[in-house]
Amino acid sequence: MSIASSWSLPFLRTLFKPQKSFLNLFTRNAISARTSTKTTNQRSANAKTSSEHSYLDKWLKSATRHNECRKKGHVYIVGAGPGDAELLTLKALRLLQQADVVLFDALVSEDILALIPSKVVKEYVGKRCKKHSFTQDAICKRVVELASEGHTVVRLKGGDPALFARTCEETDALTKAHIPFAIVPGITAASGVSAYTGIPLTDRRCAQSVSFMTAHFKDANQWPEMATMAQNVLKQTMVVYMGLSRLEGLCKGLVHNKVPNSWPVAAIENATSPEQRVITGVLADIYSKVNAANLTGPTLLIFGKVVESRQQVNTLLLHSSEHAATI
C-alpha cells in the first residue's frame, strides 16, 4: 500500500462520516415533517367530520322537535253565544271554518252548526238535564285525544266559556297533556236575553248591580244559599242560569227568606232565536205560569225590579234577513 493510500483512507472515512449523519438528520426531519403534516391533516379531517356530525345531530334533533310540534294539535275553546248565529264573533266564525274537528254542546243552535264547512268533522258532546249526555270526564278525554293526534280542535260552547261552562276542567286536562289552547269569548245568555227581550240587567232607579248564578252545582242535590240569595235579590238583579227545573223551590225559598210575594220574575225560553218566549210574573205565580206555558227549551230566569223596566224591543228588526244580506 502506498503512503497516499495509507493516509487518505482514514481521511476519507472521517470526511464522509458527518455527511452520513447530516443525511440521516435530513431524512429524519423530512419523515417527521411528513408525519406532522399527516397528523395535522387527520386532525383537521377528524374535526371537520366531528363538526359535520354535530351539525347533523342538531339538524335531526330540530327536525324531530318540529315534527313533534306538528303532530301535537291545539284547541280553541269558543263561545257560540246565546243562539242567534249572527251574534257569533268574527274570530269564532273564522276558527270554525279552519278547524279539523268541532266538539259542540247541546245549547249550540242549528243555525250556528250550519255555518261549519262540510269538510270539518262535527261531534256532539252535549249535556242535557234528564236526557242522555256525556260526562265531563269523557269530554275532557276526547278533547285531549283529538289534539294529541295532531288535529285543530274547536270546543264550541253555548254562551260564553267563562260563565258556567266548566271550562276550567277542560283546560286543566289540556294543561296536564301539554296541549296549547286559547279561549274565544262569546255573548253570554244574560246579555242576549236582555237585548232580545228589552229587560235591562241594571237600571239606576232600582238595580245598580247584577249577579249571575247557577241553580245546579257539581253535587246535584246542593241548593244555593237561599238567605244570601234573598238579600241579594232585594238589592240587585239576579240572573239564574239553568234554573227552570228548580223554579218552584227558588221562589218558595226566597219568600221564606222575606222577599215579597210580589217580587218580579221573568222566565225566557230559547233566547235570541225566533222561537223565543218570555213569561213574566211574580214570585207567587211565575211557577204556575211557566207550567201552563209548558216551557221545555233552555230557559233563563231574571229576578228583580228590572223586569218592570222592560223596553219595547222590536225583535223582527233583529231577525231581518234584509240587513244580514248587506253584511
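Which residues in α4 meet which residues in α5? The points below take up this question after some remarks on the protein as a whole.

1. The model is a predicted one, and its overall make-up is the natural place to begin. The protein has 11 helices and 10 strands, and of its 327 residues 36% are buried. Among contacts with a separation of 6 or more, 71% are between residues 24 or more positions apart. The exposed area of the protein comes to about 19,900 Å², of which carbon and sulfur atoms supply 56%.

2. On the opening question, the residues on the α4 side are Gln 136, Ile 139, Cys 140, Val 143 and Val 144, and those they meet in α5 are Glu 169, Glu 170, Ala 173 and Leu 174. By class, the residues of this contact divide into six nonpolar, one polar and two charged.

3. The geometry of that pair deserves its own point, since two packed helices are described by the angle between their axes and the distance between the axes. Helix α4, residues 136–148, packs against helix α5, residues 167–176, at an angle of about 40 degrees, and their axes are 9 Å apart. The two helices are therefore oblique to each other, because an angle has to be under 35 degrees to count as roughly parallel and at least 65 to count as roughly perpendicular. The crossing in which α4 passes α5 is right-handed.

4. Two residues other than glycine have a positive phi and may be read side by side. For Thr 272 the value is near 75 degrees, and this residue lies in the loop between β8 (264–269) and β9 (277–282). For Asn 294 the value is about 55 degrees, and the residue is placed in the loop between α9 (286–293) and β10 (299–303).

5. In accessibility, Thr 272 is buried, its relative accessible area being 0%, whereas Asn 294, at 53% relative accessibility, counts as exposed. The latter assignment holds because the cut-off for an exposed residue is over 50%.

6. Asp 105 is a further loop residue to inspect, found between β2 (101–104) and α3 (110–113). With a relative accessible area of 13%, Asp 105 is buried, because that class takes in values under 20%. When its neighbours within four places in sequence are left aside, Asp 105 is in contact with Tyr 124, Val 125 and Gly 126, and also with Arg 155, Leu 156, Lys 157 and Gly 158.

Conventions: Residues are numbered from 1 along each chain as its sequence is written. This is a predicted model: local features need pLDDT of at least 70, side-chain atom pairs count only at pLDDT 80 or more; totals for chains, interfaces and linings use all residues. Side-chain values use heavy atoms; hydrogens and water are left out. Helices (H or I, at least four residues) and strands (E, at least two) are DSSP runs, numbered from the N terminus. Buried means under 20% relative accessible area, exposed over 50%, partly exposed in between (1.4 Å probe, protein chains only). Contact means heavy atoms within 4.5 Å. Accessible areas come from the Shrake-Rupley method with a 1.4 Å probe; for residues, only the protein chains shown count as cover. Axes are lines fitted to C-alpha atoms, for helices over the stretch in contact, and angles run from 0 to 180 degrees between N-to-C directions. Angles under 35 degrees count as roughly parallel, over 145 as roughly antiparallel, 65 to 115 as roughly perpendicular and the rest as oblique. A crossing is left-handed if the near helix is turned anticlockwise from the far one by less than a right angle, and right-handed if clockwise. Ala, Val, Leu, Ile, Met, Phe, Trp, Tyr, Cys and Pro count as nonpolar, Asp, Glu, Lys and Arg as charged, and the others, Gly among them, as polar.
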